[in-house]
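I opened this entry to keep track of a few look-ups in one model. My notes follow in the order I made them.

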Amino acid sequence: WGPDDIMVLRMYFFRAIKTSGLFLYSFCLLHTFSNHFVSVVTCEGDSMYPTINATRHNDVVLVEHWSKKKKALSRNDIVIVVQPDSPGDYICKRITAVEGDHLKKHKGTPFYSKWRKVPSGHVWLEGDNTERSYDSRRFGPVPQGLVHGHVFFRIYPFSQAGFVK
């Protein structure tokens with residue numbers, strides 16, 4: 001090995017370190033942005049039909065996280081939530097009642113007899129397609145800490161792209 005070979009190796013070594021650092025920096029930046037500001041989520045299933053998945057394709061939506069942090073979630077917001085009885089899964093539902101609200105009795109709602117009022121720090125979630133939705137009518141009020149974020153914009157399908165209400 002001559003001095004020129006060592007110089008070439010040093011150059012490749014430092015270039016690899018620089019590239020790795022740039023990749024790591026980009027990954028950290030993307031991770032921070034998607035966990036604290038806006039993330040992209042695919043919504044599957046028909047529990048939110050016709051608002052979400054109206055074309056029977058999986059909708060891709062933007063989810064913002066600052067409403068959760070500022071505790072600015074309100075009735076009629078569509079949210080992504082950690083499923084209370086299956087913590088590895090996320091669900092997309094509409095907030096129909098917030099803490100202190102009195103619940104309307106729904107036919108076949110087992111939690112109504114226990115919860116007639118949404119407890120402090122909780123929300124009541126329901127799907128727009130009530131016949132096909134697994135929601136608070138089955139698992140009860142959901143702690144606000146399980147709310148991942150607020151759905152505000154549909155990206156796909158492109159024919160329905162726009163703000164979600």
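I started with Trp 1, which sits in the segment before α1 (3-36). The model is predicted, and I read every value below as computed from it. I looked up the accessibility of Trp 1 and found 79% relative accessibility, so I put it down as exposed. Trp 1 also turned up in a nonpolar surface patch of about 400 Å², which it makes with Ile 6 and Leu 9.

Next I turned to the cysteines. How many disulfides does the count come to? I noted zero. I checked the sulfur of Cys 43: the closest cysteine sulfur is in Cys 92, 3.9 Å away. A disulfide needs the two sulfur atoms within 2.5 Å, so the sulfurs of Cys 43 and Cys 92 are too far apart for a bond. Is Cys 43 buried or exposed? I entered Cys 43 as buried, because its relative accessible area is 4%. For Cys 28 I got a relative accessible area of 41%, so I listed Cys 28 as partly exposed.

Cys 43 came up again when I listed what Asp 59 touches. Asp 59 belongs to strand β2 (residues 59-64). I found its relative accessible area to be 0%, so Asp 59 is buried. Leaving aside neighbours within four places in sequence, I noted contacts of Asp 59 with residues including Val 41, Thr 42, Cys 43, Ile 52, Tyr 156 and Gln 160. Arg 154 is on that list as well. I looked at this pair separately and wrote down a polar contact of 2.5 Å between the side chains of Asp 59 and Arg 154.

Key:
Residues numbered from 1 in each chain as written. Predicted model: local features only at pLDDT ≥ 70, side-chain atom pairs only at ≥ 80, totals over all residues. Heavy atoms only, no water. Patch = residues over 30% accessible without salt bridge, like charges linked within 9 Å, V, L, I, M, F, W, Y side chains within 5 Å. Areas by Shrake-Rupley, 256 points an atom, 1.4 Å probe, with all protein chains shown as cover. Salt bridge = Lys/Arg side-chain N within 4 Å of Asp/Glu carboxyl O. Helix = DSSP H or I, 4+ residues; strand = E, 2+ residues; numbered from the N terminus. Buried < 20%, exposed > 50% of the residue type's maximum accessible area, 1.4 Å probe, protein only. Polar contact = N/O pair within 3.5 Å; in protein donor to acceptor, adjacent residues only side chain to side chain. Contact = heavy atoms within 4.5 Å.
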